[in-house]
Amino acid sequence: MKLKQLLVLAGMAGAVSALPAIAQTKAKATTAPAKQPVDYVNPYIGSISHMLVPCFPTTHLPHSMMRVFPVRGDYTSNRIGGLPLIVTNHRSGSGFNFYPYQGQESGITPSKQFSYDQEKVTPYRYSVYLDEGNIGVDFAPSHQSAIYKISFDKPGAPYLVINTGRGELKAEGNTISGHKDIGNKTNVYFYAETDAKPTKTGGVDRAGVTSATSGPAITLQYPAGTKTLGMRYGISFISVEQAKKNLAREIKTYDVNAIAAIGRKIWNDELGKIAATGAPDKETTVFYTSLYRTMERPMVISEDGRYFSATDGKVHSDEGHPFSTDDWSWDTYRAAHPLRVLIAKNQEVDVLRSYILMSEQGGNNWLPNFPMVNGDDRAMNSNHFIASMLDAQVKGLRGFDFAKAYEYSKGSVERKSLVPWSGAKKAGELDKFYHEKGYMPALKPGEKETVKEVHGWEKRQPIAVTLGTSYDEWCLSEMARILGKTDEQAHYLKTSYNYRNVFNTETGFFHPKDADGNFIKPLDYRTSGGPGAREYYDENNGYIYRWDVQHNVGDLVNLIGGNEKFIGGLESMFNEPIPGTRWDFYAILPDHTGNVGMFSMANEPSFHIPYLYNYAGAPWRTQKRIRNLLDQWYRNDLMGIPGDEDGGGMTAFVVFSQMGFYPVTPGSPTYNIGSPRFTYVKMNVGGGKFFEIKATKASQDNKYIQSATLNGKVLNQPWFNHSDIANGGVLELVMGPVANKTWGAGSPPPSAAQLP
């Protein structure tokens, strides 16, 4: 495609874009082009954290190997530490780093800090101005390669200084290549070309430039008077030779505009799978920025049909199915994976195939938990890729080996240790206790840990493990049912009720028990459990884990005492104030931000909670609560994300909730209805089919459903089946400012689990 055509497609050069627009306007010489989906993306949303790790303004193509973000501690940092070349794992540092320089050669060091200005970040382009150096930087990515254009305003010879740290770089002519060790016998490889030939090259050490032509850092001097310098490069996890091939396949120019135009089109195609209209720009910006966030991970690492697997340290053929990694099951199973089931079916199948292959390559017969480029990280608790396998199957996705998925899912519960952050350790004494007694035991107050598998900081997390594993076992029961394994189905259905073993009928909360079966006392459901409440819960307190029975909400309603008490419990959570000072509370629970009372909007186990009113005859309360939470905590500003976004784990919740529905129970082919923010949403569900949501009169004030139809039939329930929309469909809602408290009140969503 010619550059002029690309510029037209990108809406550049004064042309009206040919891409699908959010709103259609007639082309007039005096009319600005209509905004396209990517124009609503603001990567800076969430760049300032409430407490912990913020979002980073990341430039990348959807699910691509190549991604970068500014090299600085946080948004408010006055200096950047050079320029990035590749971020290998989500939120990790740059695999390589470089900086441009003009000045005395004696001033060159492996790395430098720069003050900066005029920084602009879009999903497909990054630019910045380095103040003291009078140097302009422009960047655009492809999938496995990228391009920089650097402008020098000072007189004298310009330099590039490239640093790898743990690895080696070498220069030859106008090319630079090398590798960096990123752990677990995994390397990221680099191959670059510049559009000018350097006059001098050398390694860099702390004393300055040496005579060597290779080293962990390298400097390249270019002719005096050079005003612009282009650098294009490829990256690989296989070899330098493959990095060179990746570059040659994707980028054949030094024109940043051309590569940015291609990236812009790719982003519009992907974001355009959901067209959302009828809300103010600020809400639309939050929506498309959230959708963009869901497309950073997982990362496709197939290179010309091959991929390096850190699981076994070998290069494999992908057999025509792109291989993916860099995904955190605890965060993304809830909404990010179910979103792809709707709008990226083939990709989701390939992702699940990748995790099954990792299970085989590892030889342990269990699923990965937090797969990354350099291997699986057994972080958090439970293994909810089990739910992702089931969710895809029950919603009609095929093309992955479901029988193998079941066997490896069983291994994740039976053979791999349930102890949080337990690495690759096999099941031990605490696992034996869980499978015999039906709960993970807590230590008594003052009792010292004696089980070596328990992480010194992460602790046992007994309630989180018991509830999470109960859900995983329900998923296993459904998988066994589908495969016709009736005995195993009955076994796992029974153990899916293990959450009952730690339910305190006197308080109505899930309460840690010691190995003798006694509830731990004294206990404050707000603050007990040490840092992150990990001695009993995990990152969240007892108020959040009170509702962590995604697979059997109907039974939870009964346990708590029926609809009225259930609703009362939800309301009391939102009304319960933070005890003592906020700084004392957050010193214990830094993940528990985005508070409304004891509810935390900032952490994944909370996401389904606002929808639970639907199960107790009060859908109007779900509608009110969802809208209020979105307005309070998800905004078009620097602190517009209330907690760790985790690569789509949190923002997929926003995408679903702004559209007006949510998958409360991944693995169940049902969705709960909330309160749509847009008057019209059109989702491409594949095969030329679309799911439409028409929310008449939806607005800031009109948050309550007055009446509804689904596919032309009256709908008086706050949920629908996946089969209702799998081949396209229309949900029509009439919205108003005052709650219709009878709509849907008598038809709660079905509970996923039922007693035999």
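The following exchange asks how several labels given to parts of this predicted model are justified.

User: Why is C55 called buried, and why is C475 given that label as well?

Analyst: The label applies under 20% relative accessible area. C55 has a relative accessible area of 5%, so C55 is buried, and C475 has a value of 0%, so C475 is buried.

User: How many disulfides are there, and what rule decides the count?

Analyst: The rule asks for a pair of cysteine sulfur atoms within 2.5 Å, and by this rule the count comes to zero disulfides.

User: What makes E478 and R481 a salt bridge?

Analyst: The cut-off is a side-chain nitrogen of Lys or Arg within 4 Å of a carboxyl oxygen of Asp or Glu. The closest N and O atoms of E478 and R481 are 3.0 Å apart, so the pair forms a salt bridge. Both residues belong to helix α11, where they are three residues apart, about one turn of the helix. An α-helix has 3.6 residues a turn, so residues three or four places apart point the same way.

User: Which of the labels buried, partly exposed and exposed do E478 and R481 receive, and why?

Analyst: Buried means under 20% and exposed means over 50%, with partly exposed in between. E478 has 16% relative accessibility and therefore counts as buried, whereas R481 has 41% and therefore counts as partly exposed.

User: How do you know that K444 and D514 form a salt bridge, and where in the chain do the two residues lie?

Analyst: The N to O value is 3.9 Å, and the cut-off is 4 Å, so the pair is accepted as a salt bridge. The pair links distant parts of the chain, with K444 in the loop between α10 and α11 and D514 in the loop between β27 (509-510) and α13 (542-545), 70 residues apart. K444 has a relative accessible area of 34% and is therefore partly exposed, while D514, at 5%, counts as buried.

User: What makes E270 and K273 a salt bridge, and why is E270 called partly exposed?

Analyst: Their side chains meet at 3.2 Å, N to O, which satisfies the limit of 4 Å, so the term salt bridge applies. E270 has 23% relative accessibility, a value between the limits of 20% and 50%, and therefore counts as partly exposed. A search of the whole structure finds 31 salt bridges.

User: Why are the buried residues of helix α10 said to lie on the same side?

Analyst: The buried residues of α10 (residues 429-437) are L430, D431, F433 and Y434. They cover an arc of only 160° around the axis, which puts them on the same side of α10. What covers these buried residues includes α11 (462-482) and α12 (486-495), while the face turned away from the buried side carries the exposed residues E429, K432 and E436. Just after α10, G438 takes a positive phi of about 85°.

User: Why are β19 and β35 described as standing at the edges of their sheet?

Analyst: The sheet is an open one of six strands, in the order β19-β32-β33-β37-β34-β35, with mixed pairing. β19 (274-277) and β35 (713-714) each have a single partner strand, so one side of each is left without a neighbour in the sheet. Helix α6 (residues 336-343) packs on the sheet, touching β19 and β32 (680-686), and its direction makes about 75° with that of β32.

User: How do you know that β33 and β37 pair?

Analyst: Pairing requires at least two bridges, and six bridges join β33 (residues 689-696) to β37 (residues 729-736), so the two strands count as paired. These strands run parallel, and the bridge partner of K694 in β37 is E732.

User: What makes the phi values of N134 and E319 worth stating, and which exposure label does each residue receive?

Analyst: Most residues other than glycine have a negative phi. N134 has a positive phi of about 50° although it is not a glycine, and phi of E319 is near 55°. N134 lies in the loop between β7 (125-130) and β8 (135-141), and its relative accessible area of 27% makes N134 partly exposed. E319 is found in the loop between β22 (314-317) and β23 (324-325), and at 63% relative accessibility, over the 50% limit, E319 therefore counts as exposed.

How values were computed
Residues are numbered from 1 along each chain as its sequence is written. This is a predicted model: local features need pLDDT of at least 70, side-chain atom pairs count only at pLDDT 80 or more; totals for chains, interfaces and linings use all residues. Side-chain values use heavy atoms; hydrogens and water are left out. Buried means under 20% relative accessible area, exposed over 50%, partly exposed in between (1.4 Å probe, protein chains only). Helices (H or I, at least four residues) and strands (E, at least two) are DSSP runs, numbered from the N terminus. Contact means heavy atoms within 4.5 Å. Axes are lines fitted to C-alpha atoms, for helices over the stretch in contact, and angles run from 0 to 180 degrees between N-to-C directions. The arc is that of the directions from the helix axis to the C-beta atoms.
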